[in-house]
Amino acid sequence: MVANGPHDRFIAATYAGEGTRIWAVDSSSPLRLLPQKTAISLDFSPDGRRLAVGGVDEVVIWNFQTGEPLERRALEGRVWQVDYSPDGRYLGAGASSGIGRVWDLESEGHIDLVGHRTEVNGFGFGPKGRLAVTASDDGTTRVWQAATGRPYWRAPKLAARPARLLTQQ
């Protein structure tokens, strides 16, 4: 998995069994290695200060410039995809446990998005951050209200990995 940091200044990539490498785009040498051995998915925060890395049974939020882990958030299974909401208030993830989860980073609480029958391998926020989308190996795509976890829309048997949620909500 790869991610492009805000303002196109940093690139991050996960490497199985090794961790996450960070590069400044003006250098060919890695800036840092984040030693989370089970790194699977990643996303930079919109303000460019943090990097969320999904692994096995957790999401770690890093200060990627110093290499310091800031927070650990539990989520059972392999965390296939993580995504910050556009305003940075929420962090969402989809996992092999069949759960989508949205953490409210201001209140420290979380909401589970429950309804898929198998792995949640796709997760994303809409452009306004009000809606979250999950996609699963069960062939369904579901849309949820991000703040409440309330179901908003469901489409059975669509593509399992939407690139981005295409909505104006």
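## Exercises on strands and salt bridges

Ala13 stands opposite Arg21, a residue of strand 3. The model is predicted, and its local features need pLDDT of at least 70, side-chain atom pairs count only at pLDDT 80 or more, while totals for chains, interfaces and linings use all residues. Residues are numbered from 1 along each chain as its sequence is written, and side-chain values use heavy atoms, with hydrogens and water left out.

**Exercise 1.** Find the partners of strands 2 and 3 in the sheet with the order 1-2-3-4, and say which strands stand at its edges.

*Solution.*
- Start with the terms: strands are DSSP runs of E with at least two residues, numbered from the N terminus. Two strands pair if DSSP finds at least two bridges between them.
- Strand 2 (residues 10–15) pairs with strand 3 (residues 19–24) over six bridges, in the antiparallel sense. Within this pair, Ala13 faces Arg21.
- Now widen the view: four strands make an open, antiparallel sheet in the order 1-2-3-4.
- Strand 1 (2–4) and strand 4 (30–34) have a single partner strand each, so one side of each lacks a neighbour in the sheet.
- From one strand to the next, the twist averages 15 degrees. For such angles, axes are lines fitted to C-alpha atoms, and the angle runs from 0 to 180 degrees between N-to-C directions.

**Exercise 2.** Do the same for the sheet with the order 12-13-14-15, and find the residue opposite Trp144.

*Solution.*
- Four strands form this open sheet too, and the pairing is antiparallel.
- Its edges are strand 12 (120–125) and strand 15 (151–155); each has a single partner strand, so one side of each is left free of a sheet neighbour.
- Here the twist from one strand to the next averages 15 degrees.
- Strand 14 (residues 141–145) is joined to strand 15 by four bridges. Opposite Trp144 you will find Pro151 of strand 15.

**Exercise 3.** How many salt bridges does the structure hold, and is Arg73, a partner of Glu71, buried or exposed?

*Solution.*
- A salt bridge is a side-chain nitrogen of Lys or Arg within 4 Å of a carboxyl oxygen of Asp or Glu. The structure holds nine of them.
- In the bridge between Arg73 and Glu71, the closest N and O atoms are 2.5 Å apart.
- For exposure, buried means under 20% relative accessible area, exposed over 50%, and partly exposed in between (1.4 Å probe, protein chains only).
- Arg73 has 6% relative accessibility, so it counts as buried. Glu71, at 27%, counts as partly exposed.

**Exercise 4.** Trace the surroundings of Asp104, a residue in strand 10.

*Solution.*
- The side chains of Asp104 and Arg89 meet in a salt bridge, 2.7 Å from N to O.
- This pair links distant parts of the chain, 15 residues apart: Asp104 lies in strand 10 (residues 100–104), and Arg89 in the loop between strand 8 (68–84) and strand 9 (90–95).
- Asp104 is buried at 11% relative accessibility, whereas Arg89 is partly exposed at 30%.
- Leaving aside neighbours within four places in sequence, Asp104 is in contact (heavy atoms within 4.5 Å) with Arg89, Tyr90 and Gly109.

**Exercise 5.** Which residues share a salt-bridge network with Asp47?

*Solution.*
- Asp47 and Arg49 meet through their side chains in a salt bridge of 3.2 Å, N to O.
- Asp47 is partly exposed at 39%, and Arg49 is exposed at 54%.
- Salt bridges with shared partners join Asp47, Arg49 and Arg50 into one network.
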